[in-house]
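Work through the exercises below with the structure open. Each task is followed by a solution in steps.

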Amino acid sequence: MESQWTSVEKQVWTTVLALSLTLFLIIVRRGRKTSKNYRMPPGPWGFPVLGTIPRLAGLTHEVLTNFAKNYGPLMTLKLGSQSVVVASSSKVAEEFLKANDRVWASRPPGTVTKVLSYNCSDLICASYGPRWRYARKIFMVELLSARRISSFQAARKQEILRAINDAITGSCSGTVPVQLDILIRRSTTNIVMRMLMNEQSLTKSPNERKISEDFHQAVKDGLQLLESFYVGDFIPWLDWLDPQGLKKKLSAVSKKCDTMWQGILDDHKRKLEAARDDQATDSSKSEEQDIVDALLTRLVDDDDGENLTEVQMKALIMNIIFAGTDTTSNTLQAVLGELLKNPSIMEKAQAEMDSVVGRKRLVEESDLPNLPYLNAIVKENFRLHPPGPILVPHMSTEDSEILGYEIPAGTTLFVNLHAIHRDPALYERSLDFYPERFLGSEKDVHGFDFDLLPFGAGRRMCPGKGLGLAVVLYTAALYIQTCDLRLPENVKPEDLTDLIALRRSSLLQALVHPRIPKDLVMF
Ligand code: HEM
C-alpha cells in the first residue's frame with residue numbers, strides 16, 4: 001500500500017516538474033530576442049538554411065555594390081546561420097568605425113583563420129580584449145615603431161634598386177617586355193623579410209631567391225585559403241561535407257607555414273646565443289635588431305603575465321608576412337599599372353621629380369613629403385584600387401543600435417570600400433584615375449576621413465600603415481625617377497581595365513628604359 005502511494009506521488013511530481021520545465025523554457029524563449037526580433041537593416045531575400053549564399057556568386061565588390069543599390073548603404077545579408085551587415089557609404093562606415101568602434105572591434109571566427117593563427121593567438125584574428133591589446137602594443141611600439149622603420153631605410157632602397165636593375169637589364173634598353181609584377185612582388189617580400197629576419201643573413205644567403213619564392217608561395221596558399229568559402233563556417237552542421245577538400249589543404253599549408261615560422265625563430269635563437277657567447281652588448285646591437293630579435297626578448301615558456309609564448313611569436317610572424325607583403329605588392333602593381341595606362345600622368349610625375357630632386361642623385365625617402373603629385377597619385381590609387389575590396393571583417397560583441405536599426409551581438413560587418421571610394425556623391429569623375437583631385441586636399445588615408453579608408457579606421461586600423469606607405473611611396477618614386485615605362489606593342493591600355501583582376505593573373509608587363517645615368521641605378 002505504501003509503495004503504491006509512492007508511485008502515484010512520483011507520477012504527480014514528474015508531471016509537475018515536466019510542466020514547470022516547459023513553462024520555464026517558453027518564458028525564456030519569449031524573453032530572449034532571436035535575430036527575427038531585432039529591427040535589422042533591410043536586405044535581399046534568402047533561401048531557407050542557406051540564406052543569401054546562392055544569390056551572391058562570391059563576395060565580390062560588384063555583387064555587394066549592386067545589392068546596396070537596391071537596399072541602401074546599410075543592408076543585411078544572411079549567410080547560412082551568420083548575419084552580416086554591409087556598410088556601403090562613408091556616413092555608415094563612420095557610424096560603425098567611430099561612433100560604435102568598441103562594440104565592433106572583434107573579428108568573426110573562421111576555421112581557416114583559427115588554424116593559421118594558432119587559435120587566434122595573433123593580432124589580426126584575436127578578439128578585442130587584453131590579449132589583443134598586448135599584441136597590438138608590441139606591434140606598434142616595438143616591431144613597427146617609426147625608429148625601426150627608419151632603421152631599415154637602406155635595406156628598402158637596396159631591394160627596390162635591385163628590382164629596377166633587373167628590369168632595366170632584362171628589358172635590354174626598352175626592347176624586351178619584363179614582368180613588373182614579379183619584380184615588385186620580390187622586392188616587397190624581401191623588404192618585409194629583411195626587417196623580420198636580419199638583413200645580413202638574407203643578403204648573404206645563396207638561396208635568397210628560393211627563400212623569397214617559398215615565402216611568397218606560403219603567403220599565396222594561405223591567402224587563397226583565407227579567401228575561400230568554407231561551408232562549415234556558415235552552415236555548421238554541413239561542416240563534414242567540405243566539398244572543396246579545404247581541410248586537407250589547410251592542414252598541409254599550416255604545417256608548411258609552422259615549419260617556416262619555427263625555422264626563423266630557431267635560427268634567431270641560435271644567433272642570439274652565439275652573440276651572447278661573443279659577449280656582444282645589448283646597446284651596440286639595438287640599431288641592427290630585427291623584428292624577430294625584438295620578439296625574442298619577450299619570450300617566456302609559460303602563458304601567464306605580460307609576455308609572449310613561442311606560439312604567439314609564430315602567430316605574429318605570420319601576421320607580418322601575410323598582412324605586410326601582398327597588400328603592399330598589390331598596391332604597387334596597381335600604381336605602376338595606372339602609370340602605364342596614363343602616360344601623361346607619368347610625365348607630370350617625372351617633371352615634378354626632375355624639378356624637386358633632379359637627375360644627378362637618387363630620390364631619398366626624405367624627399368617624399370616634397371613631392372605632392374606623387375603623394376596624390378598614391379592616394380588616388382588607394383581610392384580606386386584598395387588592396388581588398390572589403391575591409392577585413394569586424395564582429396560586434398554587444399547588441400548595438402546603428403542609424404535606428406537594432407543589430408544583435410555576433411553580427412559580422414563588411415565595409416565595402418569599393419562602393420565608398422567610388423561614390424559619385426563624394427568624388428567627381430569617380431571612375432577616372434585623376435590624382436589632381438587630391439592636390440591641395442586635406443583628405444588623407446590615416447583613418448580620419450571616412451571616404452578614404454584603405455587602412456581602415458578605429459581600434460583595428462592597420463598597424464603597418466607607416467611601413468606600407470613608406471614602401472609604396474618610395475618604390476613608386478624610384479621607378480618614376482629612374483625609368484621610362486611603356487606598354488609592350490601588343491598590350492593596349494584598355495587591356496588593363498581591372499587592375500584587381502590583373503594582379504591576380506600576373507600580367508603586368510612593361511618595356512623599361514633608364515632615364516637617369518646608369519651608374520646611379522646599377523650596382
Ligand atoms: C599598402 C599596404 C597596406 C594596406 C593597404 C593595409 C590595409 C589594412 C587594412 C584595411 C586592415 C584592416 C583594418 C580594419 O580591420 O579596420 C589591416 C589590418 C592589419 N594590417 Fe595592414 N595594410 C598594409 C600594410 C601592412 C603592413 C606592411 C603590415 C605589417 C608588416 C600590416 C599589418 C596589419 C595587421 C597586423 C593588421 C590587423 C590589425 C588588427 O586587427 O588589430 N599591414 N591592414
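The protein chain has an average pLDDT (the predictor's confidence in each residue, from 0 to 100) of 86, and 84% of the residues score at least 70. This is a predicted model, in which local features need pLDDT of at least 70 and side-chain atom pairs count only at pLDDT 80 or more, while totals for chains, interfaces and linings use all residues. Residues are numbered from 1 along each chain as its sequence is written.

**Exercise 1.** Find where confidence in the protein chain is lowest and where it is highest.

Solution. The low end is helix α10 (residues 199-204), with a mean of 50. The high end is helix α18 (residues 343-356), at 98. Helices (H or I, at least four residues) are DSSP runs, numbered from the N terminus. For the model, ipTM is 0.99 and pTM is 0.88.

**Exercise 2.** Describe the shell around the ligand: which residues come nearest, and which element gives the largest share?

Solution. Count a residue as near if its C-beta atom, placed from the backbone, lies within 6 Å of the molecule. There are 24 residues around the ligand, and those that come nearest are Gly324, Gly456, Cys462, Gly464 and Gly468. Two or more residues each come from α16 (310-324), α17 (326-341) and α21 (465-482). The largest share, 4 residues, belongs to α16. Sorted by class, the shell holds 14 nonpolar (Ala, Val, Leu, Ile, Met, Phe, Trp, Tyr, Cys and Pro), 2 charged (Asp, Glu, Lys and Arg) and 8 polar residues (the others, Gly among them).

**Exercise 3.** Determine how α8 packs against α21.

Solution. Two packed helices are described by the angle between their axes and the distance between the axes. Axes are lines fitted to C-alpha atoms, for helices over the stretch in contact, and angles run from 0 to 180 degrees between N-to-C directions. Helix α8 (residues 153-171) and α21 have axes 10 Å apart, at an angle of about 40°. The pair is therefore oblique, since angles under 35 degrees count as roughly parallel, over 145 as roughly antiparallel, 65 to 115 as roughly perpendicular and the rest as oblique. From α8, Arg156, Ile160, Leu161 and Ile164 meet Val471, Tyr474, Thr475, Leu478, Tyr479 and Thr482 of α21, where contact requires C-beta atoms, placed from the backbone, within 7 Å. This contact has 7 nonpolar, 2 polar and 1 charged residues.

**Exercise 4.** Repeat the analysis for α13 and α16.

Solution. The axes of helix α13 (residues 246-277) and α16 cross at roughly 110° and come within 10 Å. The two helices are therefore roughly perpendicular. Cys257, Asp258, Trp261, Gln262, Ile264 and Leu265 of α13 meet Glu310, Met313, Lys314, Ile317 and Met318 of α16. By class, the contact divides into 7 nonpolar, 1 polar and 3 charged residues.

Note on methods. Contact = placed C-beta atoms within 7 Å.
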